[in-house]
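Got your viewer open? Let's take a walk through this model one selection at a time.

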Amino acid sequence: MTLSAKRMARALALLALIQTGVLAAMVFHRMRLLTTGREITLPIIPVDPRDLFRGEYVELGYAVGRVPARLLEGPPPSPNTPFYVTLEKAQDDTWAPIKLSRDKPQEIGPDRIVLKGRSRFNRLALDASDPNAVNSVRYGIEQYFVPQGEGPRLEALARDKKLAALIAVDGSGNAAIKGILIDGRLQYEEPLL
Amino acid sequence: MSWYRSKLERDLKRWQAAGWVTPDGVGAIRRDLDQNKSAFAAAPVLAVLGAVLFGFAVMSFVAAHWTGMSKLARLALLIGALWACYGGAALLFQRQLAAFAHAAVLGGIAVYGASIMLIAQMYHMEGNPADAVLLWALGALLGAVLASSPAALAATFVLLTVWCSWERIASESALYTFLVPWAGAALTAAWLRWRPGGHLAALSLALWIVPLGFLVWGHHAHWLVVGIGGAVAAAAALWGRAIDRHLPLSAVLFAYGLAVTYAGLFILQFLDDGRWFLGGTDSAPVLRLLLLAILSLVLLLGAMVWALNADNRPALWLAYTALALEIFTLYVRTFGSLLNTSLFFLVAALIVSALAWFAYRLHRSKTATEAAT
């Protein structure tokens, strides 16, 4: 093997190693979120109550995805940048947004949790003083890919039942769907690998 | 036989008949041509094409929503394909099949990009899709540096431009951060001494500069674009010799500067006021358009004269195209309001006739000086 070929082989190995590292970091970050993230349960608002799990993936709606514009505190976030929504747990164990802010708030207690979100339409509703203005916020938990072969079973279970998603939230506010609850019972849990 | 070769063969026959070239000379020229046969052979082109198709095959995996495999099996498949590409490249470099090796590197970069998208899909990562393209572009740049791969560098410029456009549309900001990876890629092109890479760098920068007018200073900063392009073109025209002493770049710089300048002027004239047809009683926009159109035509004619003198063909063709576009768009925009059709054609005819006369004078004075020396 000539010297330059040897050097090239080493360079290519380094390239493969770094790119593999990037991909592994993506997976690792997600696995850590799913395993160590704080768990909250959010009721799913059925967009179409029938045939929810019949397709390959479903769009899930959440009550916390509608954040009134008046909840904005501090400077408004720039378009297409993530912001933070603070949720508070009420007496009946349901979570509701209480604050929207550009910077991450520090207040986290047993009844408070901070989620990182993005506006569905890139920018927020312009008028925060309008009491009726509502921001449509995505937390990265709105797309659910129906696990292979589980569709009909979940579909049958879900008929006329209350659906909820088990969400894992990490310290930075990243959220991921960990499982699907039907009538309060965990019926499907997302595999890590 | 190439186009150049067949033309040269015809000329050689004529020159030999005229007695300017000896039969020995003709033989020497033919031998020289055979030795320096263009590197544009079919095999490397097909190899790169194969790598591109391979990339598409991997990408269509996303659409097919691969079934039946566990996440671990999918990850193993992706990482395995990545290492197979780069391992194959190393093997091909060792066998001195550089063209195929570079195709394998490009294949690896395609697999890397597909893996980012697939892992994001497998783990339901939504986030900002443009970030995934940036991650891919940086991986491609790394490949271009480590494997000295021009193909990977070309992919880098394309991906950076895609990322920039996407992010700009979503964030409505100028995205100055684009300049950081762009500079890295441009330096890599210089380091590889790859001339098409220089063009890609200039093109991607031009594509970053032109929309800038819509994104900064209250969305009407098109004069800034005209200024940047004009400064580049003027510098290339004024200090061309000084620039060319270091690197023969002035002709190319002039062409790109001209393109950016005219793009800015075009936006100012026809896109920025948000109205397609001029009309009504308000004469201010008509006057503004008229002044801008005169400025554009004068600048384009000036650029043509400079390009003719400097024998800068790309700039000349660019100026011709811009002039045609300018006249056509002026016609469409002013139809039925500012001028009527016959008057328009009269003006266009006068401009073109003046141009022809000017070109003729230029040509005659040039031949006169050549004959005198």
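Start by selecting β4, β9, β8, β6, β7 and β5 of chain A: in that order, the six strands form an open sheet with mixed pairing. Strands here are DSSP runs of E at least two residues long, helices are runs of H or I of at least four, and both are numbered from the N terminus. Two strands count as paired if DSSP finds at least two bridges between them. Now colour β4 (66–68) and β5 (72–73) of chain A: they stand at the edges with a single partner strand each, so one side of each has no neighbour in the sheet.

Before going on, a word on the model and its labels. It is predicted, so local features need pLDDT of at least 70 and side-chain atom pairs count only at pLDDT 80 or more, while totals for chains, interfaces and linings use all residues. Residues are numbered from 1 along each chain as its sequence is written, and chains are lettered from A and ligands numbered from 1 in the order in which they are written.

**Along the sheet**

Stay with β5(A) and add β7(A), residues 95–101: the two pair in the parallel sense over two bridges. Click L72(A) and you can find its bridge partner in β7(A), L100(A). Next, bring in β6(A), residues 83–89, which runs antiparallel to β7(A) and is joined to it by six bridges. Here L87(A) has P97(A) as its bridge partner. Between β6(A) and β7(A) the hairpin has five residues, and D93(A) there takes a positive phi near 70 degrees.

Now select β8(A), residues 112–119, and β9(A), residues 134–138, an antiparallel pair with two bridges. Which residue of β9(A) is the bridge partner of R118(A)? Look for R138(A).

**Where the chains touch**

Show both chains. Two residues are in contact if their C-beta atoms, placed from the backbone, lie within 7 Å; by that rule 32 residues of chain A touch 34 residues of chain B. On the chain A side, α1 (3–36), β10 (143–145) and β12 (175–182) each give two or more residues, and α1(A) gives the most, with 16.

**A helix in chain B**

Zoom to α8(B), residues 179–192. This helix of 14 residues reaches 20 Å from first C-alpha to last, close to the 20 Å expected (1.5 Å times one less than its number of residues). Which of its residues are buried? Select W182(B), A185(B), A186(B), T188(B) and A189(B). Because these cover an arc of only 155 degrees around the axis (taken from the directions from the axis to the C-beta atoms), they lie on the same side of α8(B). Buried means that 20 or more other C-beta atoms lie within 10 Å of a residue's own, exposed means 12 or fewer, and partly exposed is in between, with C-beta atoms placed from the backbone. On the other side, V180(B), A183(B), L187(B) and A190(B) are exposed. Switch on α6 (129–146), α7 (150–171) and α9 (195–209) of chain B, which are among what covers the buried residues. Just after α8(B) comes R193(B), with a positive phi near 50 degrees.

**Into the cores**

A nonpolar core is a set of buried Ala, Val, Leu, Ile, Met, Phe, Trp, Tyr and Cys residues joined through C-beta atoms within 7 Å. The largest one has 95 residues, and A89(B), A137(B), A152(B), L258(B) and A319(B) have the most contacts inside it. α5(B), residues 98–122, gives the most to this core, with 14 residues. Apart from it lies another core of 32 residues, including L60(A), W95(A), L115(A) and A168(A).
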